[in-house]
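Student: I've got a new model open and I'd like to learn how to read it. Could we start with the surface?

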Amino acid sequence: MTSRWLALLLLAAGIALGSLTDRFPPRATIRSGEFLVLSADLHVHAAPGDGALTPFSLRDEARRAGLDAIVVSNHNQFVAARLIPWLPADADAPL
């Protein structure tokens, strides 16, 4: 039973440490001549609906992945997409 408590303690410590040290990487701006090159994922599913992550979490994950834009494209559902306007423009802003 001691090993279970140790495993639980290590898991909790790992989650806490990972959450405290989680930072967004700096984004590089890529210019090609007079064009600004953006990276985007144009087919993302969000919860509630087809996906497992909320639009708020998807925004943070897209930022970590270095994406400039995402498109929430749930099938035959509009609830998650209607949450998008409530997102702050800056991903570092508090929700």
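Tutor: Sure, and the basic idea is relative accessible area: buried means under 20%, exposed over 50%, and partly exposed in between (1.4 Å probe, protein chains only). Keep in mind that this is a predicted model, where local features need pLDDT of at least 70, side-chain atom pairs count only at pLDDT 80 or more, and totals for chains, interfaces and linings use all residues. Residues are numbered from 1 along each chain as its sequence is written, and side-chain values use heavy atoms, with hydrogens and water left out.

Student: Let's try one, then. Where does Ser 57 lie, and why does it count as partly exposed?

Tutor: Helices (H or I, at least four residues) and strands (E, at least two) are DSSP runs, numbered from the N terminus. Ser 57 belongs to helix α2, and it counts as partly exposed because its relative accessibility is 30%. Its C-alpha atom is 9.0 Å from that of Ala 46, eleven residues away along the chain.

Student: Which residues of α2 are buried?

Tutor: Pro 55, Leu 58, Arg 59, Asp 60, Ala 62 and Arg 63. Just past the end of that helix, Gly 66 has a positive phi of about 85°.

Student: Let me zoom out. What is the overall pattern along the sequence?

Tutor: Going along the chain, you read α-β-β-β-α-β-α, that is, three helices and four strands. Of its 95 residues, 18% are buried. The protein exposes about 7400 Å², with 64% of that supplied by carbon and sulfur atoms; areas like this come from the Shrake-Rupley method with a 1.4 Å probe, and for residues only the protein chains shown count as cover.

Student: And where is confidence lowest, and where is it highest?

Tutor: The number to look at is pLDDT, the predictor's confidence in each residue, from 0 to 100. The protein's mean is 79, and 83% of its residues reach 70 or more. Helix α3 (residues 79–83) has the lowest confidence, a mean of 68, while strand β3 (residues 40–44) has the highest, at 91.

Student: Back to the surface. Which residues form a nonpolar patch there?

Tutor: A patch takes residues with over 30% relative accessible area and no salt bridge, joining like charges within 9 Å and nonpolar side chains (Val, Leu, Ile, Met, Phe, Trp, Tyr) within 5 Å. Here you get Trp 5, Leu 8, Leu 11 and Ile 15, which together have about 450 Å² of accessible area. Trp 5 sits in helix α1 (residues 2–20), and it counts as exposed because its relative accessibility is 54%.

Student: Now charges. How many salt bridges are in the whole structure?

Tutor: The rule is a side-chain nitrogen of Lys or Arg within 4 Å of a carboxyl oxygen of Asp or Glu. A search of the whole structure turns up two. In one of them, Arg 59 pairs with Asp 60, and the closest N and O atoms are 2.9 Å apart. Arg 59 counts as buried because its relative accessible area is 13%, and Asp 60 is buried too, at 18%.

Student: What about Arg 64 and Glu 61: how are their side chains connected?

Tutor: They also meet in a salt bridge, 2.8 Å from N to O. Both are in helix α2 (residues 55–64), three residues apart, or about one turn of the helix. An α-helix has 3.6 residues a turn, so residues three or four places apart point the same way. Arg 64 is partly exposed at 29% relative accessibility, and Glu 61 is partly exposed at 41%.

Student: One more skill: reading contacts. What is Ser 73 in contact with?

Tutor: Contact means heavy atoms within 4.5 Å. Setting aside neighbours within four places in sequence, Ser 73 touches Leu 42, His 43, Val 44 and His 45. You'll find Ser 73 in the loop between β4 (69–72) and α3, and it counts as buried because its relative accessibility is 19%.

Student: And Ile 84, in the segment after α3: which residues is it in contact with?

Tutor: With the same neighbours within four places left aside, Ile 84 contacts Pro 55 and Val 72. The C-alpha atoms of Ile 84 and Val 72 are 8.7 Å apart, with their positions twelve residues apart along the chain. Ile 84 is partly exposed, at 33% relative accessibility. Across the protein, among contacts with a separation of 6 or more, 73% join residues 24 or more positions apart.
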